[in-house]
Amino acid sequence: MVLKVLRWTGLTLLALVMLFMASSCTMLGLNYSSLETGNKPEALPPLPAGLVAGDETAREEARALLAALYGDWPEGLPVAKSPWRVVVEDYLGGRGTLEEADITIGRGEGARTFQLVAAFPKGARGAPLVLSQTFGSNCATFPEQPVTSEDGDACTVRDFGKFASMVISAVFGEYIAEAPVELYFDAGFAYASFHASDFIPDDAKTARPAMEALGGAPNPGGALMAWAYAYSAALGVLADDPRIDGERVALLGHSRFGKAALLAAAWDARIAAVIAHQSGFGGAALSRSTVGERLDRMIRRYPHWLGLQAAAFAEYPEAMDFDQHFLLALMAPRPLFLGNARRDVWSDPNSSFRAAEAASAAWRAQGAAGLALDIREFDPSAKMAWFLRPGGHSVTDDDLEAFLAFLTAHLTRGGALPRAAMAP
Ligand code: GCU
């Protein structure tokens, strides 16, 4: 009994500390994002006509503008893969295999290696795939499975931190760390992911030296670009596998990895769909917006994420000759899901909706319906699907349900789902 009380007191204290830490970066999620968009500025500057039409020269120009903020895309940086190792032969009671491969990106001594973990449904041939980047280590993403830990041995309970996982999920949602592979299998998808920090550390001190040593010409100009390139590298590896249909790969990224997923799709046309969940500033939110994080705060806290010139943009975002609707438009006419939460003001759902509204001209011009619904409604079968739920910055059951509805509508052979509406 005493032990139980102590355990719960400890858990509560830890949750409070984490909540406090989270509050400094998410403004505690106590505010509500405004649902009024008509009384706020439209996304500026207007999209170039060529970008709306999907003209390749205009797309290249848009990428050049974005590279001024994010730094270079490391075009041509070599990617190598080890053979797959079967980690669990009868994964999920025999529904599939859990496998792992070493991916090496870069050339020479500065090349970096990380583990890509994939769950293939049994007997898969040409399956659609969800490819994700994770905050947690591979041990936390696949708890209790003997994938390789950061220290090079098979994961143990210590590596995935059962207790810490409980607290983190309580604050940031059930699926912030653990991958719900069963749900993806149920929907007919294979699943693969890697811990982005295993490639380029999410760390202000060590990220830049790691990127500079990669041996590329150019190297990635910031960590978001590096992670975006890693998405693309992992896609290349998986698309070569006969168990996967390389034309039906969706990237899934939450928050900073939602930013990276959008960037990856802007540069890599092989990416069939993107779920960018709560991607915020540097993602779907307009840099000109003054609500939420803003670029200047991002640069202070995460100086390694963007390119070296980004600070100059952050000082006068009004003077930028592009904004994030340019990034979204580069995704057109492929299916894009923008996930948001009403209390996640830090990531600014309101300006993300305005960016989506402006970018949706590109979907319409390229033969797909754009964003037709109100900010409160969700249509998973729309090629630009907007989702806003109650609650804060997290990955919850409701998010998973929405992701799966979108994935099923666009990447399975079954066709579109009926329109669903959700009012926060
Ligand atoms: C911080 C950061 C955001 C980012 C988020 C996340 O809150 O300010 O830009 O999206 O972390 O990755 O969870």
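How much space lies in the largest cavity? About 200 Å³, and there is plenty else to look at here, from the ligand site to some unusual backbone spots. Keep in mind that this is a predicted model, where local features need pLDDT of at least 70, side-chain atom pairs count only at pLDDT 80 or more, and totals for chains, interfaces and linings use all residues. Residues are numbered from 1 along each chain as its sequence is written, and side-chain values use heavy atoms, with hydrogens and water left out.

**Around the ligand**

- The ligand has 11 residues around it, and Ser255, Arg256, Lys259, Glu293 and Trp346 are the closest (a residue counts as near if one of its heavy atoms lies within 4 Å).
- Sorted by class, that shell holds 6 nonpolar, 2 polar and 3 charged residues; Ala, Val, Leu, Ile, Met, Phe, Trp, Tyr, Cys and Pro count as nonpolar, Asp, Glu, Lys and Arg as charged, and the others, Gly among them, as polar.
- Glutamate 293 puts a polar side-chain atom 2.5 Å from a ligand oxygen, and lysine 259 has one 2.9 Å from an oxygen of the ligand.
- Tryptophan 346 joins in too, with a side-chain N or O atom 2.8 Å from an oxygen atom of the ligand (a polar contact is a pair of N or O atoms within 3.5 Å).
- On its own the ligand has 320 Å² of accessible area, and the protein covers 94% of it (areas come from the Shrake-Rupley method with a 1.4 Å probe).

**Cavities inside**

- The count comes to 3 cavities of 30 Å³ or more; a cavity is a set of points on a 1 Å grid over the protein atoms alone where a 1.4 Å probe fits but cannot get out, and lining residues have an atom within 4 Å of a point.
- Volumes here are the space filled by probe spheres set on the points, with grid points joined across faces, edges and corners.
- The largest cavity is lined by 20 residues, with Ser132, Tyr175, Ile176, Leu252 and Val395 closest to its centre.
- β5 (127-134), β7 (244-254) and α16 (397-411) are the elements that give two or more residues to that lining; helices (H or I, at least four residues) and strands (E, at least two) are DSSP runs, numbered from the N terminus.
- The lining of the largest cavity is made up of 13 nonpolar, 6 polar and 1 charged residues.
- The second largest cavity has about 50 Å³ of space, and its lining includes Phe353, Leu371, Asp374, Glu377 and Trp386.
- That second lining has 8 nonpolar residues, 3 charged ones and no polar ones.

**An open pocket**

- About 360 Å³ of space lies in the second largest pocket (a pocket is an open set with protein on both sides within 12 Å along at least five of seven lines).
- Of the 21 residues lining this pocket, Ala140, Thr141, Pro143, Glu178 and Ala179 lie nearest its centre.
- Two or more lining residues come from each of α4 (138-141), α6 (162-172) and α7 (181-186), and α6 gives the most, with 4 residues.
- The pocket lining splits into 12 nonpolar, 4 polar and 5 charged residues.

**Aromatic pairs**

- The whole structure has 19 aromatic pairs, meaning rings of Phe, Tyr and Trp (its six-membered ring) with centres within 6.5 Å.
- Tryptophan 73 and tryptophan 267 count as stacked because their ring centres are 5.9 Å apart and their planes sit at 15 degrees (stacked is under 30 degrees, edge-to-face over 60, and the rest are tilted).
- This pair links parts of the chain 194 residues apart: tryptophan 73 is in the loop between α3 (56-70) and β1 (79-81), and tryptophan 267 is in helix α11 (residues 256-267).

**Backbone oddities**

- Most residues other than glycine have a negative phi, and most peptide bonds are trans.
- Serine 255, in the loop between β7 and α11, has a positive phi of about 60 degrees although it is not a glycine.
- The peptide bond from alanine 217 to proline 218 is cis, with omega near 10 degrees, and proline 218 sits in the loop between α9 (207-212) and α10 (223-239).
- Alanine 332 and proline 333 are also joined by a cis peptide bond, with omega about -5 degrees; proline 333 is in the loop between α14 (324-329) and β9 (336-341).

Methods: Polar contact = N/O pair within 3.5 Å; in protein donor to acceptor, adjacent residues only side chain to side chain.
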